[in-house]
Amino acid sequence: MVFEPPKRLVRALGETAPDGDDWLEKLPEAAQQAVALRELTVERVQVPGGRSSLVVLVRTADGTPAVLKLAPGRARPEAERAALAHWAGRGAVHLLEPFSTEGVLLLERLHPDVSVRSLPEAKALLEAAGTLRRLWVEPPAGFPFETVAERTGRQAEAMRARAEADPEVAPLVGLALAAREELLAAPPEHRLLHGTFRQSKVLGGERMPWLAVGPDPVVGECAFDLARLVRDRVEDLIAQPSGAATTRRRVKRLAESLDVDQERLRGWTLFRAVESGVRAGRVGRPRDAELLLEFASWL
């Protein structure tokens with residue numbers, strides 16, 4: 001089988017590595033080797049798939065449905081492996097092999113076309129939040145993960161540079177950076193977080209109704225993780241005449257349901273929305289940038 005990377009993956013990797021690298025060129029051969037090593041039977045490549053990895057639906061030698069995932073180093077697949085191993089299937093997809101093959105994960109097969117996003121909005125938020133709560137555990141000793149301070153520190157540098165080049169975004173960037181500084185002064189907890197949690201990252205399963213996939217794990221406070229969920233379906237929020245009020249109610253409802261401080265959740269939601277909006281503008285997605293920065297202005 002020829003392992004053709006989906007267009008979505010090619011486009012997304014072009015945004016994260018504009019100067020290019022050879023991972024995509026080596027991907028077909030790497031996928032063939034990964035399949036042969038594990039004696040897998042390939043069903044199909046998942047399309048449109050993810051933005052940072054090739055996802056292949058396979059069966060193991062004994063016929064068990066599984067997923068083979070290949071990702072470049074900049075997507076931090078080894079951190080994902082370590083987080084999944086630590087969660088051991090509790091709230092997240094189960095890692096099927098403990099040994100490490102660089103950039104390759106063999107995972108439990110969920111229902112790849114059934115995410116919690118398919119539910120009505122209120123139900124989707126409830127189920128997603130319940131899944132996220134199960135992931136917030138103590139990190140392993142000597143954890144190999146970035147901290148929230150480290151990750152947002154890199155992001156803050158890029159935001160400052162963008163604000164200098166584009167004065168229109170400077171006021172929101174200034175608010176977001178000030179919020180970050182205040183939030184990092186006294187973090188209330190130290191938990192292993194999913195890192196990139198949203199409704200589309202929660203898929204239907206057999207052993208549990210909903211399980212999280214695709215973490216970019218980070219260690220820090222729970223409000224940081226929940227912040228990305230606040231802006232889910234942002235295009236629908238923007239389209240509503242009452243979008244700003246709905247957003248504020250969502251912050252309050254999610255904070256109360258997961259015992260997270262409402263102001264800290266608001267602050268991290270602001271920072272993460274501005275960071276994503278600035279990044280979207282930088283890589284040539286002006287519509288996404290406009291939506292995200294308008295959303296951020298409501299906070």
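Me: In this predicted model, what makes the 2.9 Å pair between the side chains of E146 and R151 a polar contact?
Reply: The side chains of E146 and R151 are joined at 2.9 Å, and a polar contact requires a pair of N or O atoms within 3.5 Å, so the pair is called a polar contact.

Me: Why is E146 called buried?
Reply: The relative accessible area of E146 is 18%, and buried means under 20%, so E146, which lies in strand β6 (residues 146–147), is counted as buried. Leaving aside neighbours within four places in sequence, E146 is in contact with R76, R151, R154, V218 and V219.

Me: What makes R76 partly exposed, and D259 exposed?
Reply: R76 has a relative accessible area of 29%, which falls between the limits of 20% and 50%, so R76 is partly exposed. D259 has a value of 67%, and exposed means over 50%, so D259 is called exposed. R76 sits in the loop between β3 (65–70) and α3 (77–87), with a positive phi of about 55° although R76 is not a glycine, while D259 is placed in the loop between α9 (243–257) and α10, and its phi is near 55°, also a positive value in a residue other than glycine.

Me: How do you know that α10 and α11 are roughly antiparallel?
Reply: Helix α10 (residues 262–282) and helix α11 (residues 286–297) pack at an angle of about 160°, and angles over 145 degrees count as roughly antiparallel, so the pair is described in that way. The residues of their contact divide into 10 nonpolar, 4 polar and 1 charged.

Note on methods
Residues numbered from 1 in each chain as written. Predicted model: local features only at pLDDT ≥ 70, side-chain atom pairs only at ≥ 80, totals over all residues. Heavy atoms only, no water. Axes fitted to C-alpha atoms, helices over the stretch in contact; angles between N-to-C directions. Helix = DSSP H or I, 4+ residues; strand = E, 2+ residues; numbered from the N terminus. Parallel < 35°, antiparallel > 145°, perpendicular 65-115°, else oblique. Nonpolar A, V, L, I, M, F, W, Y, C, P; charged D, E, K, R; others polar. Buried < 20%, exposed > 50% of the residue type's maximum accessible area, 1.4 Å probe, protein only. Polar contact = N/O pair within 3.5 Å; in protein donor to acceptor, adjacent residues only side chain to side chain. Contact = heavy atoms within 4.5 Å.
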